[in-house]
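Q: Please take a close look at one part of this model for me, starting from the stretch that opens the chain and then following the packing and pairing elsewhere. Keep it informal, but give me the cut-offs as you go.

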Amino acid sequence: MKKILRNLLYTLIILLFATSLAFLFFHFVKHDTANIALVYILALILIARGTTGYLYGILSSLLCVILINGCFTYPFFEINFSLSGYPVTFVCMLIITVTTSAMTTKLTKQDEMIAERERKLNEAEKERIRANLLRAISHDLRTPLTSIIGASASYIENHAELSTGEKLELITTINEDSNWLLNMVENLLSVTRLHGDGHNVTKEQEIVEEVVSEAIDRLEKRLPDASIRVSAPDEILMIPMDPLLIEQVLINLLENALLHSSGEKDVDIIVEDGAQEVTFLIRDYGDSIPENQLESCFDCASSRTSDAEKRSSVGLALSKTIIAAHQGTIRCRNHEKGAEFVFTLPKRRCDSL
């Protein structure tokens with residue numbers, strides 16, 4: 001019912017506008033009705049393009065012929081279809097309307113098919129990411145828990161025989177794996193903030209520098225020796241985002257960068273202001289990423305060289321999901337002295353429909 005009312009209202013508005021324009025032409029040039037016919041032909045094309053089906057266009061064609069006959073042809077304001085040429089006028093207008101309607105219907109169906117295909121592809125990609133996350137998380141939760149249980153059991157059972165150095169080593173192991181579990185829980189909590197299909201997040205205007213600063217503060221509580229430099233524009237940048245999710249992305253990328261740089265050099269956060277988006281670069285000065293892993297660095301199933309690096313892949317995969325939910329982009333690449341991760345966030349709100 002709503003669609004019918006919309007089509008009727010659209011048709012009436014176009015016909016009213018065309019008739020007003022036709023009377024304007026008729027007022028200035030009474031003996032030249034060619035322009036009036038063109039006005040109504042254009043109106044029929046717009047009606048056929050803007051409505052669904054053929055009914056509105058066919059009825060409009062008949063009404064346009066009656067208006068031209070009754071209002072703009074001598075004797076004025078009298079309908080007389082005995083005049084020569086009007087059957088041809090009606091047939092021409094009808095052909096134009098039906099042809100335009102058919103093209104419009106075909107284009108609409110093609111648009112619907114393309115939209116459905118994109119929806120299915122997006123669903124398949126989301127299922128793949130979700131499956132990879134679940135596989136990685138199920139493994140990565142067991143690994144540190146096993147280590148914590150083993151180290152604590154050794155301490156409890158053998159604490160009398162252990163030296164101070166051995167006790168410190170066991171406690172250090174427990175502390176490191178506990179911190180890793182904390183990071184994993186924070187990532188899992190971030191997943192719960194992704195609503196519905198994973199492509200909608202609650203976004204508000206946030207100050208970029210405050211989000212970056214909070215991410216660094218949270219990371220330094222776990223890694224107090226981390227050395228991070230920040231470079232950002234002087235002016236205040238505000239963009240729509242979920243601040244907690246973007247903080248988690250920054251933490252994941254910074255932790256990954258610190259892992260590759262082995263803590264020996266600073267890690268840079270560079271914020272660049274663009275016309276349509278803000279770019280974030282997290283740059284380390286350690287080992288480069290192997291070329292064959294650049295395309296799969298956000299894949300939970302990608303192979304890594306150490307167990308710690310396998311763990312970081314979960315955070316990278318989640319980061320990709322979060323940035324996609326913000327309609328941004330994320331990628332990794334190498335530079336002359338190491339590797340860097342780059343993600344962008346749009347300046348304008350563009351929530352998924």
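A: Let's begin with Phe 17, which is found in helix 1 (residues 2-28). Helices here are DSSP runs of H or I with at least four residues, strands are runs of E with at least two, and both are numbered from the N terminus. Before going on: this is a predicted model, so local features need pLDDT of at least 70 and side-chain atom pairs count only at pLDDT 80 or more, while totals for chains, interfaces and linings use all residues. Residues are numbered from 1 along each chain as its sequence is written, and side-chain values use heavy atoms, with hydrogens and water left out.

Helix 1 has 27 residues and spans 40 Å from first C-alpha to last, close to the 39 Å expected; that expectation is 1.5 Å times one less than the number of residues. Phe 17 is exposed, at a relative accessible area of 58%. For the wording: buried is under 20% relative accessible area, exposed is over 50%, and partly exposed is in between, with a 1.4 Å probe and protein chains only. Phe 17 has company, too: with Leu 21, Leu 24, Phe 25 and Phe 28 it makes up a nonpolar surface patch of about 520 Å² accessible area together. Patch members have over 30% relative accessible area and no salt bridge, with like charges joined within 9 Å and nonpolar side chains (Val, Leu, Ile, Met, Phe, Trp, Tyr) within 5 Å. Areas come from the Shrake-Rupley method with a 1.4 Å probe, and for residues only the protein chains shown count as cover. The buried residues of helix 1 are Asn 7, Thr 11, Ile 14, Leu 15, Ala 18, Thr 19, Ala 22 and Phe 26.

Now the packing. In soluble globular proteins, nonpolar side chains tend to be buried together. A nonpolar core here is a set of buried Ala, Val, Leu, Ile, Met, Phe, Trp, Tyr and Cys residues joined through side-chain atoms within 4.5 Å. The largest such core has 42 residues, and Leu 250, Phe 280, Ile 282 and Phe 343 have the most contacts inside it. Among the elements giving two or more residues to this core are helix 6 (208-222), helix 7 (243-261), strand 4 (267-273) and strand 5 (277-283). Helix 7 supplies the largest share, 9 residues. Beyond its neighbours within four places in sequence, Phe 280 is in contact (heavy atoms within 4.5 Å) with residues including Val 208, Leu 250, Val 271 and Phe 343. Ala 22, seen above in helix 1, belongs to a second, separate core of 16 residues, which also includes Ile 36, Ala 43 and Cys 64.

Strand 4 is worth a stop. Val 271 lies in it and is buried, at a relative accessible area of 6%. Its C-alpha atom is 4.7 Å from that of Ala 232, though the two are 39 residues apart along the chain. Leaving out residues up to four places away, Val 271 touches Val 208, Ser 231, Ala 232, Pro 233, Leu 237, Val 278, Thr 279 and Phe 280.

Strand 4 also carries charge pairs. A salt bridge is a side-chain nitrogen of Lys or Arg within 4 Å of a carboxyl oxygen of Asp or Glu, and the count comes to 8. In one of them, Arg 229 meets Asp 268 at 2.7 Å, N to O. Arg 229 lies in strand 2 (residues 228-231) and Asp 268 in strand 4, so the pair ties together parts 39 residues apart in sequence. Arg 229 is partly exposed at 40%, whereas Asp 268 is buried at 8%. Lys 347 pairs with Asp 273 in another salt bridge, with the closest N and O atoms 2.6 Å apart. Lys 347 sits in the segment after strand 7 and Asp 273 in strand 4, so this pair links parts 74 residues apart in sequence. Lys 347, at 26%, counts as partly exposed, and Asp 273, at 34%, does as well. Glu 340 and Arg 333 form a salt bridge as well, closest N and O atoms 2.5 Å apart; Glu 340 is buried at 4% and Arg 333 partly exposed at 30%.

Stepping back, the protein has 8 helices and 7 strands, and buried residues make up 39% of its 353 residues.
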